[in-house]
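Trainee: Please take a close look at one part of this model, the pockets, and tell me what lines them.

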Amino acid sequence: MRDYKVVVLGAGGVGKSSVTVQFVQGVYVESYDPTIEDSYRKQIEIDGRACDLEILDTAGVAQFTAMRELYIKSGKGFLLVYSVTDENSLKELLALREQVLRIKDSDNVPMVLIGNKCDLDDDRVLSIDDGIKVSQDWGLVPFYETSAMYKTNVDEAFVDVVRQIMRKEAQISAEKKQQKELQKQQNASNDQGNNAKSSETEDKPTKRRTRQSTIDDPNGLDSAPKNKCCVIM
Ligand SMILES: Nc1nc2c(ncn2[C@@H]2O[C@H](COP(=O)(O)OP(=O)(O)OP(=O)(O)O)[C@@H](O)[C@H]2O)c(=O)[nH]1
Ligand SMILES: [Mg+2]
């Protein structure tokens with residue numbers, strides 16, 4: 001079974017824990033208890049493959065975010081969560097994504113953008129289009145509006161990020177295979193080159209011998225018929 005480490009990031013109170021607990025345990029947590037760090041495991045089957053998910057629910061509240069860099073380093077995929085009721089929470093995600101890309105030193109990091117609390121119509125300050133715009137700015141990062149309360153799009157978002165990790169791993173192993181193949185071919189052609197060289201070196205003494213025999217024998221091959229002729233005559 002493959003291990004997939006997913007990290008849930010976002011500002012304080014956007015619903016990271018609620019989304020995570022809804023996905024892992026299928027329950028909705030009404031109360032708000034700021035997270036320091038929680039880790040969950042869940043086994044699921046995606047595209048016929050058994051996956052062991054380790055989900056790290058991180059702190060959004062500033063005083064607990066010191067470990068963020070470590071989480072990001074160890075994570076394979078990221079859920080970047082904002083709340084559709086909190087404009088600042090989306091702004092905070094821009095810096096968070098930059099941090100993820102910087103630490104991972106890559107533009108190709110498995111990630112989904114989540115606009116949570118989509119059930120709160122009356123408190124909504126960010127539209128679906130606001131989310132779509134950010135997803136486009138990020139190179140079409142998959143975007144889901146979720147409700148942890150009603151479990152809307154929660155499973156879909158997690159499955160999406162795991163699929164991205166799977167795709168990336170498959171791509172990396174295909175590239176490694178290709179590189180090995182290329183290396184093999186290169187080694188083989190180097191060997192051929194060396195063989196050709198060594199057969200050239202083997203030829204040289206013969207040539208030298210031929211030349212030498214021509215020098216040693218002043219009559220050489222050309223003069224043989226003459227000699228013969230001479231002998232006959
Ligand atoms: N209506 C509604 N409320 C939500 C939803 N998700 C979370 N909440 C509520 O928002 C509050 C904060 O949720 P949490 O899941 O604790 O938020 P968090 O992002 O984990 O917060 P930190 O751990 O402090 O970073 C809680 O009271 C939740 O019940 C949602 O989808 N809809
Ligand atoms: Mg939390």
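Mentor: The two pockets are described in turn below, after a note on the model.

This is a predicted model, where local features need pLDDT of at least 70, side-chain atom pairs count only at pLDDT 80 or more, and totals for chains, interfaces and linings use all residues. Residues are numbered from 1 along each chain as its sequence is written, chains are lettered from A and ligands numbered from 1 in the order in which they are written, and side-chain values use heavy atoms, without hydrogens and water.

A pocket is found on a 1 Å grid over the protein atoms alone, as an open set of points where a 1.4 Å probe fits, with protein on both sides within 12 Å along at least five of seven lines; lining residues have an atom within 4 Å of a point. The volume is the space filled by probe spheres set on the points, which are joined across faces, edges and corners.

The largest pocket holds about 490 Å³ of space. Its lining has 27 residues, and Gly15, Ser18, Val29, Ser31 and Tyr32 lie nearest the centre. Two or more lining residues come from each of α1 (16-25) and β2 (37-46); helices (H or I, at least four residues) and strands (E, at least two) are DSSP runs, numbered from the N terminus. The largest share, 4 residues, is from α1.

The second largest pocket holds about 220 Å³. Of its 14 lining residues, Asn108, Val109, Pro110, Met111 and Gln164 lie nearest the centre. Both α3 (87-104) and α5 supply at least two lining residues, and α5 gives the most, with 4.
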